[in-house]
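Please give me a briefing on this model, with its overall make-up, its ligand shell, its nonpolar cores and its less usual backbone features grouped by topic.

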Amino acid sequence: MEPLHIQEMEGKQAHDSAFPLPHAEVDIHRPIIVGAGPSGIAVAACLKAKGIDSLVLERSDCIASLWQHRAYDRLRLHLPKRYCELPLAPYPPRFPTYPTKPQFVAYVESYARRFDVQPVFRQNVVCAEHDGEAGLWRVKTAAGREYAARFLVVATGENADVFVPKIEGYDKFSGPVLHTSSYKSGEAFRGKKVLVVGCGNSGMEVCLDLCDYDASPHLVVRNALPIRGADRLLLLAARLILGDTAHLGLPRPLVGPLELKSLTGKAPVLDVRPAIKRLRKGGAEFSDGRAEDFEAIVLATGYKSSVPTWLKERKMFSEEDGFPRRPFPNSWKGEKGLYAVGFTKRGLLGAGIDARKIAADIERNWRTEKEHPTPAVPEQLLAGVEQSSGST
Ligand SMILES: Cc1cc2nc3c(=O)[nH]c(=O)nc-3n(C[C@H](O)[C@H](O)[C@H](O)COP(=O)(O)OP(=O)(O)OC[C@H]3O[C@@H](n4cnc5c(N)ncnc54)[C@H](O)[C@@H]3O)c2cc1C
């Protein structure tokens with residue numbers, strides 16, 4: 001556990017950018033974890049369980065900020081809770097199979113409390129590079145702070161930055177255009193005709209939410225799918241969002257909504273449109289030549305990794321997509337004490353697997369380093385490094 005004065009200093013540091021930390025307390029053995037989402041917190045917890053303190057740097061003002069600040073109100077875990085557990089802590093039995101957003105946030109918060117993980121908030125990491133001479137990762141924040149450590153864990157997530165594709169006429173559209181990360185509920189769209197761009201989980205769920213608020217959603221599916229293909233997608237999304245409703249006496253129809261329309265003329269709840277060609281003042285033109293008016297647009301176009309913008313390392317991470325070059329199950333470990341958690345495209349389950357492996361590997365190296373320390377880093381190489389700590 002950290003001495004109290006260290007916690008106090010970090011608390012002050014988080015709020016007072018001028019608060020100085022004495023260089024004498026620099027402890028390079030304390031792994032730095034960038035990102036306080038479920039993945040980063042999971043690594044810190046696994047390390048703590050092994051008696052190793054870490055330093056978690058988070059750009060936002062809370063843990064699990066994706067869930068707290070950038071997720072719509074009706075969000076629930078898309079997968080049953082047993083597939084979304086963080087290491088060493090199952091969900092409370094009273095939680096439903098698909099916990100709600102507030103339940104998930106409460107779970108991660110109590111997880112962090114249980115393992116005494118206290119991230120330093122408002123620390124937007126803008127640069128991290130390996131200093132070969134000192135054998136350290138140097139991490140800099142937007143506020144100009146510098147931290148250093150032997151081990152660096154990248155936990156900034158697959159969804160760090162909003163992705164918005166280039167759409168011709170984007171600035172001409174006169175109504176509101178928002179990304180799903182800013183969408184909270186359909187309340188603001190009551191009675192409106194809304195174009196939802198993107199048909200992943202979020203796009204589907206936003207459509208459902210808009211329907212609940214008596215809005216009229218129209219879904220853009222970029223690549224024209226054959227009717228049956230689109231139907232399969234819609235039925236899969238319905239299953240993901242609603243689960244298996246057969247036991248409620250509502251078996252899913254064997255025919256999808258689009259095929260049903262073409263066979264019987266009955267309209268499905270959701271209208272599907274092909275790719276957008278361009279936006280204009282009050283609507284959109286589509287690749288099939290149709291033009292239609294809309295009052296608002298919701299971009300369910302996803303996210304991208306932010307790693308290439310701040311990590312000055314190209315061997316482990318691809319510059320193109322900001323993911324580790326080696327796929328799961330080998331994506332978690334790089335060289336020189338660099339690790340990645342939560343880039344497996346396997347959600348929280350993948351993050352938990354990574355977290356355990358990373359903590360075990362750091363523990364091995366950390367104990368070796370403690371027992372057979374490499375020569376001390378010369379004082380001048382640590383000039384400017386502010387962070388201090390006491391590892392257990
Ligand atoms: C709408 C939605 C629903 C989802 N539902 C599920 C689900 O049901 N089950 C599942 O397993 N997965 C789900 N996911 C996947 C989701 O990515 C994970 O659940 C989880 O949030 C991943 O955790 P993470 O810590 O890897 O990333 P994040 O939760 O994104 O956390 C990364 C953290 O890093 C911080 N950060 C980023 N860049 C920097 C920087 N430069 N400096 C400092 N901090 C930084 C961010 O602010 C953020 O707090 C969902 C995702 C979305 C978008």
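## Briefing on the predicted model

Of the 392 residues of the protein chain, 37% count as buried, where buried means that 20 or more other C-beta atoms lie within 10 Å of a residue's own, exposed means 12 or fewer, and partly exposed covers what is in between, with C-beta atoms placed from the backbone. This is a predicted model, in which local features need pLDDT of at least 70 and side-chain atom pairs count only at pLDDT 80 or more, whereas totals for chains, interfaces and linings use all residues. Residues are numbered from 1 along each chain as its sequence is written.

**Overall make-up**

- The protein chain holds nine helices and 17 strands, these being DSSP runs numbered from the N terminus, with H or I over at least four residues for a helix and E over at least two for a strand.
- Among contacts in the protein chain between residues at least 6 apart in sequence, 67% join residues at least 24 apart, a contact being a pair of residues whose C-beta atoms, placed from the backbone, lie within 7 Å.

**Shell around the ligand**

- There are 36 residues around the ligand, and those that come nearest are G35, G37, G157, G342 and G347; a residue is near a molecule if its C-beta atom, placed from the backbone, lies within 6 Å of it.
- Two or more residues of this shell are given by each of α2 (38–49), α3 (65–69) and α9 (347–371).
- By character, the shell divides into 17 nonpolar, 16 polar and three charged residues, with Ala, Val, Leu, Ile, Met, Phe, Trp, Tyr, Cys and Pro taken as nonpolar, Asp, Glu, Lys and Arg as charged, and the others, Gly among them, as polar.

**Helix α9**

- α9 has 25 residues and reaches 36 Å from its first C-alpha to its last, close to the 36 Å expected at 1.5 Å a residue, a span reckoned as 1.5 Å times one less than the number of residues.
- The buried residues of α9 include L348, A351, A355, I358, I362 and W366, and among the elements that cover the buried residues of this helix are α2, β6 (152–154) and β17 (338–340).
- An α-helix has 3.6 residues a turn, so residues three or four places apart point the same way.

**Nonpolar cores**

- The largest nonpolar core has 60 residues, and those with the most contacts inside it are I32, I41, V43, L152, V153 and V341; such a core is a set of buried Ala, Val, Leu, Ile, Met, Phe, Trp, Tyr and Cys residues joined through C-beta atoms within 7 Å.
- Apart from this core lies another, of 24 residues, among them V197, V206, L210 and V272.
- Not counting residues up to four places away in sequence, I32 touches L55, L57, W137, V139, Y147, A149 and L152.

**Strand pairing at β15**

- Strand β15 (residues 296–299) runs parallel to β8 (residues 177–179), to which three bridges join it, and L178 has V298 as its bridge partner in β15; strands pair if DSSP finds at least two bridges between them.
- Four bridges join β15 to β9 (residues 193–197), again in parallel, and here the bridge partner of V194 is A296.

**Backbone features in loops**

- A cis peptide bond, with omega about 10°, joins F328 and P329, and P329 is found in the loop between α8 (307–310) and β17.
- K336, which is in the loop between α8 and β17, has a positive phi of about 60° although it is not a glycine, and K336 counts as partly exposed, with 16 C-beta neighbours inside 10 Å.
- D116, in the loop between α4 (101–114) and β3 (125–131), has a phi near 50°, a positive value in a residue other than glycine, and D116 is partly exposed, with 13 other C-beta atoms within 10 Å.

Key. Two residues are in contact if their C-beta atoms, placed from the backbone, lie within 7 Å.
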